[in-house]
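Open the model in your viewer and keep the sequence panel visible. The stops below each begin with a selection.

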Amino acid sequence: MENEHITNEPESPHASRRSFLKQSSALAAFALTPPAAVAAVENGLDEKVAVAFEQQPLRVEINGVAQQLSVEPRVTLLDLLREQLHLTGTKKGCDHGQCGACTVHVDGQRVNSCLTLALTTEGAKVTTIEGLANGDKLHPMQEAFIKHDGFQCGYCTPGQIMSAVACIREGHANTPEEVREYMSGNICRCGAYANIVEAIMDVKKKGGQL
């Protein structure tokens, strides 16, 4: 019978890196786990993975419609809107809160939906680009973007419009310079910034209800 040899060779750098990544992923998931699920994992229950990411109830009003949903704790508002509710007007750009393409309103305040956990909107009122128009009648800001050609490829346009509406509501559209400052979180890779500013100033000048 051949002897079995046990070696004490150090773990390779690649194996160490894989172990580190696995542990980091596990810790990140664990941090987002509800307390009840944490207790379940600590007790070593067989269904710990499923329990760790169990869906939670969410009651939220979206574009004037009350919604009763079930979402995982780690799901962002952006993914809830796009993947579960199929409101794809809100765009996923950088997914890091740097481009503004995912801007929506939560209780009247503009937020980056890619950085907002869906569960934090419990009881809130969420408005997306789909909720701005009144039936077939466009919102004044939508009309202004068309009038002033405030878009080219159009990918960033929903987020630009949502931020533009908020910019006026917040009282930050008194001058073109102020508009540029408070719209700086929304990136247009086509470079339609001048037209976007004109559209916002036009709506501001007309004093329409937003």
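**Two helices that cross**

The crossing of α5 and α8 is right-handed. This is a predicted model. Select residues 140-147 for α5 and residues 193-206 for α8; their axes come within 8 Å and cross at roughly 135°. That angle is why α5 counts as oblique to α8.

Now show the side chains of the contact. On the α5 side these are P140, M141, A144, F145 and K147, and they meet I196, A199, I200, D202, V203 and K206 of α8. Colour these residues by type: 8 are nonpolar, 3 are charged and none is polar.

**The whole chain**

Zoom out and colour by secondary structure. The chain has 8 helices and 5 strands. Read from the N terminus, the order of elements is α-α-α-β-β-α-β-β-β-α-α-α-α. Of the 210 residues, 35% are buried. Take the contacts between residues at least 6 apart in sequence: 54% of them link residues at least 24 apart.

**Helix α4 and what it packs on**

Select residues 77-84, which form α4. Which residues of this helix are buried? They are L77, L78, L80 and L81. Add the strands β1 (56-62), β2 (65-71), β3 (103-106) and β5 (125-127), since the buried residues of α4 pack against these. Then step just past the end of α4 to H86, where phi is positive, at about 60°.

**T116 in its loop**

Go next to T116, in the loop that runs between β4 (109-112) and β5. Is this residue buried or exposed? T116 counts as buried, because its relative accessibility is 15% and the cut-off for buried is under 20%. Leaving aside residues up to four places away in sequence, T116 touches T76, L77, V111 and T121. L77 is one of the buried residues of α4, so this stop connects to the previous one through the contact of T116 with L77.

**V165 in helix α6**

Select residues 157-169 to see α6, then centre on V165 within this helix. V165 is buried, with a relative accessible area of 0%. Its contacts, apart from residues up to four places away in sequence, are H105, L132, H139, M141 and L210. Of these, M141 also belongs to the α5 side of the contact with α8. Draw a distance between the C-alpha atoms of V165 and G108: the value is 9.8 Å, for two residues 57 places apart along the chain.

**The cysteines**

Finish with the cysteine sulfurs. How many disulfides does the structure hold? The count is 0. Start at C102, whose closest cysteine sulfur is in C114, at 3.7 Å, which is too far for a bond; a disulfide needs the two sulfur atoms within 2.5 Å. C102 is buried, with a relative accessible area of 4%.

C190 is likewise in no disulfide, and the nearest cysteine sulfur to its own is that of C153, 3.6 Å away. Turn on the surface here: C190 is partly exposed, with a relative accessible area of 30%.

How values were computed:
Residues numbered from 1 in each chain as written. Predicted model: local features only at pLDDT ≥ 70, side-chain atom pairs only at ≥ 80, totals over all residues. Heavy atoms only, no water. Helix = DSSP H or I, 4+ residues; strand = E, 2+ residues; numbered from the N terminus. Buried < 20%, exposed > 50% of the residue type's maximum accessible area, 1.4 Å probe, protein only. Contact = heavy atoms within 4.5 Å. Axes fitted to C-alpha atoms, helices over the stretch in contact; angles between N-to-C directions. Parallel < 35°, antiparallel > 145°, perpendicular 65-115°, else oblique. Left-handed = near helix turned anticlockwise from the far one by under 90°. Nonpolar A, V, L, I, M, F, W, Y, C, P; charged D, E, K, R; others polar.
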